[in-house]
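Q: I would like to learn how to read a protein model feature by feature. Where should one begin?

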Amino acid sequence: MKKRLEEIMEKYGQQLTLIQRETGVEMTVRAFLQLLLKETKDPPVAVTPLGAADGRRWLYIGPAEPELKPGDEILFGGKRFIAQEAAPVCFRQETLYSRAILRRKKEMAA
């Protein structure tokens, strides 16, 4: 099952850049990144004392290795995302893939 999932990600997944928080190592991965839609009447951007904050969340489905961890960053389409929640998805003793919830990372002022 793991091999088949990896084949699907390699064939149909998006090319993303993963930056591991602990080591700063950057690597290219093939994974799926999808906006999580929810019904709401409020705009997706909230005004905070520091400026506008994008409140939308994104679902990441990626390979088992490298494992995505909270705080790791994903670069895609000129946007930077940060993993808020991340966990491996396992079947029996084998990790099949990584699943995470991402938010857009606030850009630092220059």
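The dialogue below goes from the overall layout to the core, the strand pairing and a few single residues.

A: Begin with the status of the coordinates: this is a predicted model. Then take the list of secondary structure elements. The protein has one helix and eight strands, and from the N terminus on the order is α-β-β-β-β-β-β-β-β.

Q: How much of the protein is buried, and what supplies its exposed surface?
A: Of the 110 residues, 25% count as buried. The exposed area is about 7800 Å², and carbon and sulfur atoms supply 53% of it.

Q: How does one read the sequence range of the contacts?
A: Take the contacts between residues at least 6 apart in sequence and ask what share spans a long stretch of chain. In this protein 52% of those contacts join residues at least 24 apart.

Q: Which residues touch the most other members of the largest nonpolar core?
A: The general idea comes first. In soluble globular proteins, nonpolar side chains tend to be buried together. In this model the largest nonpolar core has 13 residues, and those touching the most other members are Leu16, Leu33, Tyr60, Leu68, Ile74, Phe81 and Leu102. Two or more residues come from each of strand S1 (14-19), strand S2 (26-35), strand S5 (57-63), strand S7 (79-91) and strand S8 (94-104). The largest contribution is that of S2, with three residues.

Q: Is S5 mostly covered or mostly open?
A: S5 is mostly covered, since five of its seven residues are buried under the cut-off of 20% relative accessible area.

Q: Which strands does S5 pair with, and in what sense?
A: To read a pairing, look at the number of bridges, the direction and then a sample pair of residues. S2 and S5 run antiparallel and are joined by four bridges; within this pairing, Phe32 has Ile61 of S5 as its bridge partner. S5 and S8 also run antiparallel, with seven bridges, and Trp58 has Leu102 of S8 as its bridge partner.

Q: How is an aromatic pair described, and how many are there here?
A: A pair of aromatic rings is described by the distance of the centres and the angle of the planes. The count for this model is one aromatic pair. Trp58 and Phe81 form this pair, at 5.1 Å centre to centre with 65 degrees between the planes, which makes the geometry edge-to-face. Trp58 lies in strand S5 and Phe81 in strand S7, so the pair ties together parts that are 23 residues apart in sequence.

Q: Are the two residues of that pair, Trp58 and Phe81, buried or exposed?
A: Trp58 is buried because its relative accessible area is 16%, under the cut-off of 20%. Phe81 is buried as well, at 1% relative accessibility. Leaving out residues up to four places away in sequence, the contacts of Phe81 include Leu33, Trp58, Ile74 and Leu102, as well as Asp72, Glu73 and Arg104.

Q: What does S6 pair with?
A: S6 pairs with S1 in the antiparallel sense over three bridges, and Ile19 stands opposite Glu73 of S6. S6 also pairs with S7 in the antiparallel sense, over four bridges, where Leu75 stands opposite Arg80 of S7. S6 and S7 form a hairpin with two residues between the strands, and Gly77 takes a positive phi near 60 degrees in this hairpin.

Q: Does Glu73 count as buried or exposed, and what does its side chain contact?
A: Glu73 is found in strand S6 (residues 73-76) and counts as buried because its relative accessibility is 11%. The side chain of Glu73 makes a polar contact of 2.5 Å with the side chain of Arg80. Beyond four places in sequence, Glu73 touches Thr17, Leu18, Ile19, Arg80, Phe81, Ile82 and Lys105.

Q: Which residues does Thr28 touch, and is Thr28 buried or exposed?
A: Thr28 has its place in strand S2 and counts as exposed, because its relative accessibility is 53% and the cut-off for exposed is over 50%. Not counting residues up to four places away in sequence, Thr28 touches Gln15 and Leu16. Thr28 and Ile74 are 46 residues apart in sequence, with 9.6 Å from C-alpha to C-alpha in space.

Definitions and conventions. Residues are numbered from 1 along each chain as its sequence is written. This is a predicted model: local features need pLDDT of at least 70, side-chain atom pairs count only at pLDDT 80 or more; totals for chains, interfaces and linings use all residues. Side-chain values use heavy atoms; hydrogens and water are left out. A nonpolar core is a set of buried Ala, Val, Leu, Ile, Met, Phe, Trp, Tyr and Cys residues joined through side-chain atoms within 4.5 Å. Buried means under 20% relative accessible area, exposed over 50%, partly exposed in between (1.4 Å probe, protein chains only). Contact means heavy atoms within 4.5 Å. Accessible areas come from the Shrake-Rupley method with a 1.4 Å probe; for residues, only the protein chains shown count as cover. Two strands pair if DSSP finds at least two bridges between them. A polar contact is a pair of N or O atoms within 3.5 Å; within protein, one must be able to donate a hydrogen and the other to accept it, and residues adjacent in sequence count only if both atoms are side-chain atoms. Rings of Phe, Tyr and Trp (its six-membered ring) pair if their centres lie within 6.5 Å; planes under 30 degrees apart count as stacked, over 60 as edge-to-face and the rest as tilted.
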